[in-house]
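Reader: Could you walk me through this structure in questions and answers, taking care with each term?

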Amino acid sequence: MNIKPLADRVLVLPAPAQEKTVGGIIIPDTAKEKPLQGTVIAVGGGTKEEEMVLKVNDTVLYGKYAGTELEYEGTKYLIMRQSDILAILG
């Protein structure tokens with residue numbers, strides 16, 4: 001991975017959007033709910049005020065509008081501040 005977040009930022013690979021409902025109905029791309037869970041791919045070094053507590057491979061929950069989307073080598077990622085992460089799933 002050639003992307004290294006700075007300060008208190010983390011790079012997250014969002015979990016894939018759910019494609020089918022329980023009843024087996026296929027949801028079109030335009031109606032898919034944005035995932036709120038993902039895997040941490042890279043972390044910054046933190047700041048003097050905020051120690052970096054997230055680690056690579058942590059599965060996290062984040063807010064619906066958190067982060068900035070970016071695409072690198074055909075894969076879509078989110079880059080966000082550590083404070084935008086709501087919880088670590090473990």
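What follows is a set of questions and answers about the strands, the core and a few single residues.

Author: This is a predicted model, in which local features need pLDDT of at least 70 and side-chain atom pairs count only at pLDDT 80 or more, while totals for chains, interfaces and linings use all residues. Residues are numbered from 1 along each chain as its sequence is written, and side-chain values use heavy atoms, with hydrogens and water left out.

Reader: How many helices and how many strands does the protein have?

Author: Helices (H or I, at least four residues) and strands (E, at least two) are DSSP runs, numbered from the N terminus. Read along the sequence, the protein follows the pattern β-β-β-β-β-β. The count is therefore zero helices and six strands.

Reader: In which order do the six strands lie in the open sheet?

Author: Strands of a sheet pair through backbone hydrogen bonds, either parallel or antiparallel. Here two strands pair if DSSP finds at least two bridges between them, and the pairing in this sheet is antiparallel. The order is S4-S5-S1-S2-S3-S6.

Reader: Which strands stand at the edges, with one side of each left without a neighbour in the sheet?

Author: An edge strand here has a single partner strand, so one side of it is left without a neighbour in the sheet. The two strands in that position are S4 (68-72) and S6 (85-89).

Reader: By what angle are neighbouring strands of this sheet turned against each other on average?

Author: Axes are lines fitted to C-alpha atoms, for helices over the stretch in contact, and angles run from 0 to 180 degrees between N-to-C directions. For the neighbouring strands of this sheet the direction is ignored, and the average is 40°.

Reader: Which residue in S2 stands opposite valine 10?

Author: Strand S1 (residues 9-14) and strand S2 (residues 37-43) pair in the antiparallel sense over five bridges. Opposite valine 10 stands valine 43.

Reader: Which strands each supply at least two residues of the largest nonpolar core?

Author: A nonpolar core is a set of buried Ala, Val, Leu, Ile, Met, Phe, Trp, Tyr and Cys residues joined through side-chain atoms within 4.5 Å, where buried means under 20% relative accessible area, exposed over 50% and partly exposed in between (1.4 Å probe, protein chains only). The largest one has twelve residues in all, including Val10, Val12, Val40, Val60 and Met80. Those that each supply at least two residues are S1, S2, strand S3 (59-62) and strand S5 (75-81).

Reader: What share of the 90 residues counts as buried?

Author: The protein exposes about 6,200 Å² (by the Shrake-Rupley method with a 1.4 Å probe; for residues, only the protein chains shown count as cover), and carbon and sulfur atoms supply 54% of that area. The share of residues that count as buried is 27%.

Reader: Is aspartate 58 buried or exposed?

Author: Aspartate 58 is found in the loop between S2 and S3. Leaving aside neighbours within four places in sequence, its contacts (heavy atoms within 4.5 Å) are with Gly38, Thr39, Val40, Val53 and Ile88. At 11% relative accessibility, aspartate 58 counts as buried.

Reader: Which backbone nitrogen lies 2.8 Å from a polar atom of the side chain of glutamine 82?

Author: Glutamine 82 has its place in the loop between S5 and S6 and counts as buried at 6% relative accessibility. A polar contact is a pair of N or O atoms within 3.5 Å; within protein, one must be able to donate a hydrogen and the other to accept it, and residues adjacent in sequence count only if both atoms are side-chain atoms. The side chain of glutamine 82 reaches the backbone nitrogen of leucine 54 at 3.3 Å. The backbone nitrogen at 2.8 Å is that of valine 53.

Reader: What is the phi of asparagine 57?

Author: Most residues other than glycine have a negative phi, and most peptide bonds are trans. Asparagine 57 lies in the loop between S2 and S3 and is exposed, with a relative accessible area of 59%. Although asparagine 57 is not a glycine, its phi is positive, at about 80°.
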